[in-house]
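Hello,

Here is the structure I promised to pass on. Please open it first, then read the notes below.

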Number of protein chains: 2
Amino acid sequence: MQLFLSKFRNKIDQKGRVSIPSQFRSILFQDGSQKMFCYPSLDAEAIDAGGDSLSREIYALMDNLDPYSDEKDFLSTALFGLSEELRIDSDGRVILSEPLIQHAQISHEVIFVGLGQKFQIWEPDRFSNYLQEAQKRVKEQRLLLSKKNKGL
Amino acid sequence: MQLFLSKFRNKIDQKGRVSIPSQFRSILFQDGSQKMFCYPSLDAEAIDAGGDSLSREIYALMDNLDPYSDEKDFLSTALFGLSEELRIDSDGRVILSEPLIQHAQISHEVIFVGLGQKFQIWEPDRFSNYLQEAQKRVKEQRLLLSKKNKGL
DNA sequence: AAAAATACCATGTTATCCCATAGATACCCA
DNA sequence: TGGGTATCTATGGGATAACATGGTATTTTT
């Protein structure tokens, strides 16, 4: 299976269009769909996105819940209600919706970050902050790990 | 199968007409019907709505109940008695009935929220309250989910 | 006849399609 | 190997189509 890797910085034009990095686009197109599935990330000021496999994963998650429970009602509102399938135009671009832009505080430029099964879309400054924080955490963790695993 | 996703905010005009978001409309039209099946949501101040598959699902649900039970009587009153099939006009609009409007406390604007198999129609302020609650609950539940679903 | 429902038309905004360009990369062949 | 050409990609712009929304006319109901 193809993974979303690396990161790419692209511009948003006056009409609100962004090119999806061609590497990512070709993965999205593999299942024949012209859609990019996305939703506000649960724990970051970013947009989570992916293709059919990601959306199927989420649909499957919903199917496992008791149909008439509160839990299902809340989850389907938060997941289905906030998810979108953005159409990818003939030039490989999408238009991010207002709620998504708000959530990720995006203005005129974004960074696509591959995360394997999915990818994220960030406002560039926010991403570099996040990345710094993440790297700091990794170093801290590594100190702990290195006591047990000398190989790292 | 096509799912109802995302949310849309539309206006109600002086005649009481609302446009059904085109994404939703095209799903409703898939079975060829020009109708929107709907009823007051059982546990929210909102309108539940969908197409043929939703009404069939509810019929099936009723069939599974003991024919002479109180439970069946209550449910059929609560659901069928209050259900409506609203005609969709040539421009893709419906007129919400007075009882539905009352139940959801709707005035001049509504939010359509996709929930997968069905969607809901909310008064905007009420919805944002409900959404906050839903997001809170999802975050609380999230530890449980994350053990089974790494992708999210 | 009055009121409500329906069909029909008009408009502004937004999305979508199509084409153009510039920079980068890959390709080819002498 | 070097130089040129084709290809791909991101990005911009204009033309077109779709959509939400408002209004008017016509029909149906009561």
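A term to start with: buried means under 20% relative accessible area, exposed means over 50%, and partly exposed lies in between (1.4 Å probe, protein chains only). This is a predicted model, where local features need pLDDT of at least 70, side-chain atom pairs count only at pLDDT 80 or more, and totals for chains, interfaces and linings use all residues. Residues are numbered from 1 along each chain as its sequence is written, chains are lettered from A and ligands numbered from 1 in the order written, and side-chain values use heavy atoms, without hydrogens and water.

Salt bridges

A salt bridge here is a side-chain nitrogen of Lys or Arg within 4 Å of a carboxyl oxygen of Asp or Glu. Over all chains the count is 19.

In chain B, Glu133(B) pairs with Arg137(B), with the closest N and O atoms 3.9 Å apart. The two sit 4 residues apart in helix α5 (124-148), about one helical turn. (Helices, H or I, at least four residues, and strands, E, at least two, are DSSP runs numbered from the N terminus.) Glu133(B) is partly exposed at 31%, and Arg137(B) is partly exposed at 30%.

In chain A, Asp48(A) meets Lys118(A) at 2.7 Å between the closest N and O atoms. Asp48(A) is in strand β4 and Lys118(A) in the loop between β7 and β8, so the pair ties together parts 70 residues apart in sequence. Asp48(A) is buried, at 2%. Lys118(A) is buried too, at 11%.

The DNA

Ten residues are not all listed here, but those around DNA strand C include Lys15(A), Arg87(A), Asp91(A) and Lys15(B). Near means a heavy atom within 4 Å. The surface near strand C has 10 charged residues, no polar and no nonpolar ones (Asp, Glu, Lys and Arg count as charged; Ala, Val, Leu, Ile, Met, Phe, Trp, Tyr, Cys and Pro as nonpolar; the others, Gly among them, as polar). A side-chain N or O atom of Arg87(A) is 2.3 Å from a phosphate oxygen of strand C. For Asp91(A), the partner is a base nitrogen, at 2.9 Å.

The two chains

Contact means heavy atoms within 4.5 Å. By that rule, 25 residues of chain A touch 27 of chain B. Salt bridges between chain A and chain B number 0.

Best wishes

Notes
Polar contact = N/O pair within 3.5 Å; in protein donor to acceptor, adjacent residues only side chain to side chain.
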